[in-house]
Amino acid sequence: MSSGGTTTGVTRAEYCVVACAEAWRHAGEVLAAPMGTVPAVGARLAKLTFAPDLLLTDGEALLIGDVPALGARPQVVEGWLPYRQHLALVATGRRHVMMGASQIDRHGNQNISCIGDWARPARQLLGVRGAPINTLNNPTSYWVPKHSPRVFVEQVDMVCGVGYDRAAEAGWSATRFHHVPEVISNLGVFDFATPDHTMRLRSRHPGVTVEQILAATGFALTVPGDVPYTREPTTEELRLVREVIDPKGARDREVPA
Amino acid sequence: MTAEQVVGRLRTGMTLGIGGWGSRRKPMALVRALLRSGITDLTVVSYGGPDVGLLAAAGRIRTLVAPFATLDSVPLEPHFTAARQRGAFDLVELDEAMFMWGLTAAAQRLPFLPVRAGLGSDVMKVNPHLRTVTSPYEDAEELVAVPALRLDAALVHLNRADPQGNAQYLGPDPYFDDLFCQAAAASYVSCERIVDTADLLKEAGPQTLLVKRAFVNGVVQTPNGAHFTSCVPDHERDEAFQQAYARAARDPDAWQRFTERFLSGDEEAYQAAVKAFHAEQPS
């Protein structure tokens with residue numbers, strides 16, 4: 001159970017789902033590209049409620065015309081998006097992706113490639129994948145299921161997703177379409193709405209203290225005087241998450257209660 | 001051709017493109033044939049999956065050009081990660097789209113193509129050979145000049161092909177197999193089934209004819225030849241076997257046993273060992 005703050009039985013994973021869904025509220029008619037379970041539930045929730053124009057994929061090459069449960073096959077296909085078109089779509093900007101981050105710093109630089117010295121890493125991870133093109137072309141948010149000082153670091157070991165400082169250094173071609181709207185973790189929601197575009201705590205999930213977030217963050221985080229709670233899901237949103245989108249509770253395996 | 005004949009056309013030190021994506025439609029029978037040869041010192045260009053893993057484990061890669069290596073349902077390719085951690089090969093780590101435009105530049109005989117991707121990221125730092133180019137038009141934008149990824153040879157696996165090399169994909173994604181073939185001096189297609197040219201359109205429309213014979217130097221029929229990666233609709237990824245591969249790859253003794261059991265014979269022996277593996281699995 002979540003450790004207080006509410007009496008509605010809403011789990012931490014469900015607050016995270018709602019926070020992820022909110023990232024796509026004003027995205028418009030673009031591809032929502034969630035990576036990870038909670039963002040996938042969030043994108044589907046957004047489409048079923050306040051962002052019906054979103055495009056969603058089946059995780060492979062099809063754009064789905066319905067909103068099936070996680071893992072279920074779509075009954076309606078509305079389009080084709082093989083990898084070559086997906087990469088080309090990124091360059092059009094008609095997409096808002098939510099990627100994972102093995103490390104992220106206060107400027108929004110993200111690393112999924114490797115830990116340690118790149119030439120001979122202590123721990124090789126995925127590789128840069130599409131983080132460089134994503135961050136320079138379409139809004140790129142991040143999802144961190146386990147907020148810790150090992151993830152929220154002073155400096156990432158390899159800049160894959162480009163943050164605000166590195167984009168500015170690289171010049172206008174890099175900043176032109178660069179936008180990192182949000183970072184969502186199991187503890188709260190963060191943005192870069194500060195004068196120097198460094199990370200700010202926007203809201204904490206019910207049951208989480210500011211002290212807890214600061215202790216789990218390895219850099220100086222901007223904290224406003226009054227930190228609101230992440231909003232409550234509506235009854236209808238909870239029903240959609242629990243009965244329609246994720247009846248098997250995959251979200252709880254990513255963010256345990 | 002046979003897989004052995006394809007490998008007979010390859011040489012130590014070549015730059016080799018491998019089609020598919022991650023653990024999807026990889027020309028694994030050709031990779032296994034390559035493992036049985038003495039060819040080494042390769043520059044491998046791949047959206048990496050177990051093709052990269054197997055070649056890395058066998059010490060055949062001198063340089064890897066890739067944006068990632070993954071088994072999809074198993075996020076990290078264990079042989080790739082281990083090889084990187086022991087510094088087994090040089091890595092040219094490119095963004096997924098930079099990779100695509102590099103292949104495209106090679107296919108179109110261009111020295112480079114301009115892309116936005118890469119600016120501001122450490123891809124520029126770990127690849128000091130990368131240059132930028134300034135737009136000659138009013139905008140004067142500075143963009144990354146992704147160099148052409150020219151290949152000495154390409155290996156791809158498709159669902160169907162005719163004997164001349166017209167090759168067809170029947171799944172939802174072509175990946176980049178046509179580009180690999182066009183970017184290569186010589187290309188070899190393995191397929192689930194060789195069919196008469198007149199039968200190519202019996203299963204699907206003309207837009208599924210992905211690879212043209214003018215870009216193909218040899219065709220091999222290798223049923224289940226993408227195993228254990230997916231080759232839908234002919235076969236899904238063999239998740240149970242992939243799990244066994246990944247578990248074995250994380251432990252040297254287990255890997256030794258895996259190699260002896262599955263990779264010490266020819267392709268027929270491999271497929272028979274896979275059948276035996278499944279017969280042992282609890283249903």
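Here a visitor asks about a predicted model and a guide answers.

Visitor: How do you know which features to count in this model?
Guide: In this predicted model, local features need pLDDT of at least 70 and side-chain atom pairs pLDDT 80 or more, while totals for chains, interfaces and linings use all residues. Residues are numbered from 1 along each chain as its sequence is written, and chains are lettered from A in the order in which they are written.

Visitor: What makes chain A as compact as a globular protein of its length?
Guide: The radius of gyration is taken over C-alpha atoms, and the globule rule is 2.2 Å times the number of residues to the power 0.38. For 257 residues the rule gives 18 Å, and chain A has 18 Å, so chain A is as compact as a globular protein of that length.

Visitor: What share of chain A is called buried?
Guide: A buried residue has 20 or more other C-beta atoms within 10 Å of its own, with C-beta atoms placed from the backbone. In chain A, 53% of the 257 residues count as buried.

Visitor: How many residues of each chain are in the contact between chain A and chain B?
Guide: Two residues are in contact if their C-beta atoms, placed from the backbone, lie within 7 Å. Chain A gives 35 residues and chain B gives 35. Helix H3 (83–92) of chain A is among the elements giving two or more residues; a helix is a DSSP run (H or I) of at least four residues, numbered from the N terminus.

Visitor: Which domains does chain B have?
Guide: The bounds come from an automatic or database domain assignment. That assignment gives domain 1 (3–94 + 150–280) and domain 2 (112–147). Their C-alpha centres lie 31 Å apart.

Technical notes: A residue is buried if 20 or more other C-beta atoms lie within 10 Å of its own, exposed if 12 or fewer, and partly exposed in between; C-beta atoms are placed from the backbone.
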